[in-house]
Amino acid sequence: MSISTPGGEQRRPTVVSTGKKPAAGRPASGAKAGSGKPTPARAGGGKGPRKPIAPVKVSQGRAKGPIILFVVVGLVAAGIIGFGAWAAFQGSKPWEERADAISGIVNYRDKDPELVKGSNHQPGPIKYTVSPPVAGPHNQAWQNCMGDVYDAPIANEHAVHSLEHGAIWITYRPDLPADQVSKLAEKVRGNEKMLMSPFEGLDKPISLQAWGYQLKLDNADDSRIDEFVKTLRVNASIEGPTALCNQGITATGTTPRDNGVQMPTQ
């Protein structure tokens, strides 16, 4: 049989029927049972369930900069806190313990208790067993110790009385370099309960005195100077913090002045 078309006669394709129909309820080939949808073929054409593909892990470098900074900041903070706690503990100690902890200090209060009794006024020159003297008999007049910087030696007898009032007396060899003298003067000038003068015959370039204490040093940059002053100024007084440092002798010279002038009673 032929079908006439506008384009002329064409042969229709022959359809061969087998006469069979798919069984009811049975999925056609390539369809998943119960889903009504075709099951995609497994890659490679193999049979069986498809294996899951493991995810690919991407390695990312950890930023080290912030971590290092955090660690450093933590260590610094811990150090500050630790030092503060140590300083607070040190500050809570009695001043006598802090004084004894200063390296090289000589405690004459322990070595010679009789020497440091005080309140022993004598006129005229006095011979001292410690040089420069740190305690013992002294003139009734004290050397002015309101941050006074003397450019010439002063009388031991007046300076010792100043120590009894809680002053720190800084002495130095006359040949100490000028820059070293200037550094010492900066620690003294204008500070109450402080005085300074050259001293002949020192066995060390610098010697610090408080009532019953002495510390000898090689140079003015030694940090123990500040520690000595901080610990012993006023504290070493055996007449209390109200003992005067003004109204004293301001003249230089190693001979004590017994001019009959009545000095204040403190």
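Visitor: What makes aspartate 110 count as exposed?

Guide: Its relative accessible area is 59%. Exposed means over 50%, so aspartate 110 makes the cut. Bear in mind that this is a predicted model.

Visitor: Where does aspartate 110 sit, and which patch does Asp110 help form?

Guide: Aspartate 110 is in helix α3, residues 108-111. Together with Glu96, Glu97 and Asp100, Asp110 forms a negative surface patch. Helix α2 (residues 95-100) gives the largest share of that patch, 3 residues.

Visitor: Why is that patch called negative?

Guide: Asp and Glu count as negative, and the patch is formed by Glu96, Glu97, Asp100 and Asp110, so the label follows from the residue types.

Visitor: There's a nonpolar patch too. Which residues make the nonpolar patch, and what makes them nonpolar?

Guide: Ile67, Phe70, Val71 and Leu75 make that one, with about 440 Å² of surface. Ile, Phe, Val and Leu are among the side chains that count as nonpolar, so the name fits. Valine 71, one of them, lies in helix α1, residues 64-91.

Visitor: How accessible is valine 71, and is that above or below the patch cut-off?

Guide: Valine 71 has 42% relative accessibility and counts as partly exposed. Patch residues need over 30%, so valine 71 is above the cut-off.

Visitor: How do you know that helix α4 is mostly covered?

Guide: Count the buried residues: 8 of the 9 in helix α4 (residues 156-164). They are Glu157, His158, Ala159, Val160, His161, Ser162, Leu163 and Glu164. To count as buried, a residue must have under 20% relative accessible area.

Visitor: What do the buried residues of α4 pack against?

Guide: They pack against three strands: β3 (168-172), β4 (194-198) and β5 (206-210). After α4 comes glycine 166, with a positive phi, near 100°.

Visitor: What makes lysine 187 and aspartate 226 a salt bridge?

Guide: Their closest N and O atoms are 2.9 Å apart. The cut-off is 4 Å, so the pair qualifies. Side chains of opposite charge can pair when their charged atoms come close.

Visitor: Which parts of the chain does the Lys187 pair with Asp226 tie together?

Guide: Lysine 187 lies in helix α5 (residues 178-188) and aspartate 226 in helix α6 (residues 224-232), so the pair ties together parts that are 39 residues apart in sequence. Both partners are partly exposed, with lysine 187 at 24% and aspartate 226 at 43%.

Visitor: How do you know that aspartate 218 and lysine 204 form a salt bridge?

Guide: Here the closest N and O atoms are 3.2 Å apart, which is within 4 Å, so this pair passes as well. Aspartate 218 is in the loop between β6 (213-217) and α6, while lysine 204 is in the loop between β4 and β5, so parts 14 residues apart in sequence are tied together. Aspartate 218 is partly exposed at 48%, and lysine 204 is partly exposed at 31%.

Visitor: Why does the pair of arginine 173 and aspartate 175 count as a salt bridge?

Guide: The closest N and O atoms of arginine 173 and aspartate 175 are 3.6 Å apart. That is within 4 Å, so the pair counts. A search of the whole structure finds 7 salt bridges.

Visitor: Why do arginine 173 and aspartate 175 get different exposure labels?

Guide: Arginine 173 is at 27% and aspartate 175 is at 59%. Only over 50% is exposed, and between 20% and that value a residue is partly exposed, so aspartate 175 counts as exposed and arginine 173 as partly exposed.

Visitor: What makes alanine 141 buried?

Guide: Alanine 141 has 4% relative accessibility. Since buried means under 20%, alanine 141 qualifies. Alanine 141 is found in the loop between α3 and β2 (146-149).

Visitor: And the whole chain: how many helices and strands are there, and what percentage of residues count as buried?

Guide: The chain has 6 helices and 6 strands. Of its 266 residues, 33% count as buried. The accessible surface comes to about 17,300 Å², with 56% of that belonging to carbon and sulfur atoms.

Notes: Residues numbered from 1 in each chain as written. Predicted model: local features only at pLDDT ≥ 70, side-chain atom pairs only at ≥ 80, totals over all residues. Heavy atoms only, no water. Patch = residues over 30% accessible without salt bridge, like charges linked within 9 Å, V, L, I, M, F, W, Y side chains within 5 Å. Areas by Shrake-Rupley, 256 points an atom, 1.4 Å probe, with all protein chains shown as cover. Salt bridge = Lys/Arg side-chain N within 4 Å of Asp/Glu carboxyl O. Charge placed at Lys NZ, Arg CZ, Asp CG, Glu CD. Helix = DSSP H or I, 4+ residues; strand = E, 2+ residues; numbered from the N terminus. Buried < 20%, exposed > 50% of the residue type's maximum accessible area, 1.4 Å probe, protein only. Contact = heavy atoms within 4.5 Å.
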